[in-house]
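Visitor: Please pick one part of this molecule and take me through it slowly. I'd like to see how that part sits among its surroundings, and then how the rest of the chain fits in.

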Amino acid sequence: MLMICAAMAALPDVDDRAFMQRLWQDYRRYMFFTARRYARDDAVLEDIVSESLMRLMEKLDTLRGLNEIRLQAYIRNTVRSQAVNALRADIREARGMEREALSGVAAPEDPAWRRIELAEELELLLEAVERLPENERRAVKLRYGEGKRDAEIAAALGVAESTVRKYLAAARQKLKRTIYADGGYAL
């Protein structure tokens, strides 16, 4: 944490220092909470959060223009990016040692890496669901979150069952386009 204090103190502008100190005060717990999804070791967590804060200091003008919701999302994405970068570096290092030890035998797929990918996909999906139109979002939450049938969803939304099916089909199409636009995954 000394690195964070030193970096903030090194900011030449008084307003920049005050802004970053407020940001740190308001969001440090959130940053650690986000980083903890990717790492458990305290030293690694501090490295991830410190590196994230350094990246955020480079984007002061951008951060100042964001409302609270967008600022929180920007911070989360920055921390997530730094955590993934740290994990990738650890995996590359471990695989390098593994390859060296096995002299040419391919290393198996790392389950920790797959968990990271799945966590990122889930977070993208949840964010995409929140951006759906209200009726589609409610239908998706009732179906997939609560396991309700079409008739139950129709009653809850006050619409016909055929409308529920249309909401769900439209939501699935939007989610596919939003999340899997690169063609890398199939829903």
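**A close look around Leu157**

Guide: Happily! Leu157 lies in helix 8, and we are looking at a predicted model. Is Leu157 buried or exposed? Its relative accessibility is 13%, so it counts as buried, the cut-off being under 20%.

What does Leu157 touch, once residues up to four places away in sequence are set aside? Its partners are Asn135, Arg138, Ala139, Leu142 and Tyr167. Take Arg138 from that list: it stands 19 residues from Leu157 along the chain, and the two C-alpha atoms are 8.0 Å apart.

Now widen the view to the whole of helix 8, which covers residues 150–157. Leu157 shares its buried status there with Asp150, Ile153 and Ala154. Why can these four be described as lying on one side of the helix? They span an arc of only 100° around the axis, so they fall on the same side of helix 8. Just past the end of this helix comes Gly158, whose phi is positive, at about 75°.

Next, cross over to helix 7, residues 134–145, the stretch that holds several of the partners of Leu157. The buried residues of helix 7 are Glu136, Arg137, Ala139, Val140 and Leu142. Two of these names, Ala139 and Leu142, you have already met as contacts of Leu157. Helix 7 also has a glycine just after it: Gly147, with a positive phi of about 70°.

Glu136 deserves a pause of its own. This acidic residue sits in helix 7, and it counts as buried because its relative accessible area is 10%, under the 20% cut-off. What does its side chain pair with? There is a polar contact with the side chain of Lys174, at 3.0 Å. Beyond its sequence neighbours up to four places away, Glu136 touches Tyr167, Ala170, Ala171 and Lys174. Tyr167 therefore turns up twice in our tour, once beside Glu136 and once beside Leu157.

Those partners lead us on to helix 9, residues 161–179, and to the largest pocket of the model. About how much space does the largest pocket hold? The volume comes to about 240 Å³. Its lining has 12 residues, and those nearest the centre are Leu125, Val129, Val140, Tyr144 and Leu175. Helix 6 (111–130), helix 7 and helix 9 are the elements that give two or more residues to this lining. Helix 6 supplies the largest share, 5 residues. By chemical type, the lining splits into 8 nonpolar, 1 polar and 3 charged residues. Val140 ties this pocket back to our starting region: it is one of the residues nearest the pocket centre, and it is also one of the buried residues of helix 7.

While we are at helix 6, have a look at Leu124, which is found in that helix. With 40% relative accessibility, Leu124 counts as partly exposed. Its C-alpha atom is 9.0 Å from that of Thr178, although their positions lie 54 residues apart along the chain.

To place all of this in the whole molecule, step back for a moment. The chain contains 9 helices and 0 strands, so to speak one α after another when read along the sequence, α-α-α-α-α-α-α-α-α. It has 187 residues, of which 32% count as buried. Among contacts with a separation of 6 or more, 57% join residues 24 or more positions apart.

Two spots earlier in the sequence round off the visit. Thr34 lies in helix 2, residues 14–36, and at 5% relative accessibility it counts as buried. Leaving aside neighbours within four places, Thr34 is in contact with Arg76, Val79 and Arg80.

The other spot is Asn67, in the loop between helix 4 (60–64) and helix 5 (68–102). Its relative accessible area is 43%, and Asn67 is therefore partly exposed, between the 20% and 50% cut-offs. A polar atom of the Asn67 side chain lies 3.1 Å from the backbone nitrogen of Ile69, and a polar atom of that side chain lies 2.8 Å from the backbone nitrogen of Arg70.

Technical notes. Residues are numbered from 1 along each chain as its sequence is written. This is a predicted model: local features need pLDDT of at least 70, side-chain atom pairs count only at pLDDT 80 or more; totals for chains, interfaces and linings use all residues. Side-chain values use heavy atoms; hydrogens and water are left out. Buried means under 20% relative accessible area, exposed over 50%, partly exposed in between (1.4 Å probe, protein chains only). A polar contact is a pair of N or O atoms within 3.5 Å; within protein, one must be able to donate a hydrogen and the other to accept it, and residues adjacent in sequence count only if both atoms are side-chain atoms. On a 1 Å grid over the protein atoms alone, a cavity is a set of points where a 1.4 Å probe fits but cannot get out, and a pocket is an open set with protein on both sides within 12 Å along at least five of seven lines; lining residues have an atom within 4 Å of a point. Grid points are joined across faces, edges and corners, and a volume is the space filled by probe spheres set on the points. Ala, Val, Leu, Ile, Met, Phe, Trp, Tyr, Cys and Pro count as nonpolar, Asp, Glu, Lys and Arg as charged, and the others, Gly among them, as polar. The arc is that of the directions from the helix axis to the C-beta atoms. Contact means heavy atoms within 4.5 Å.
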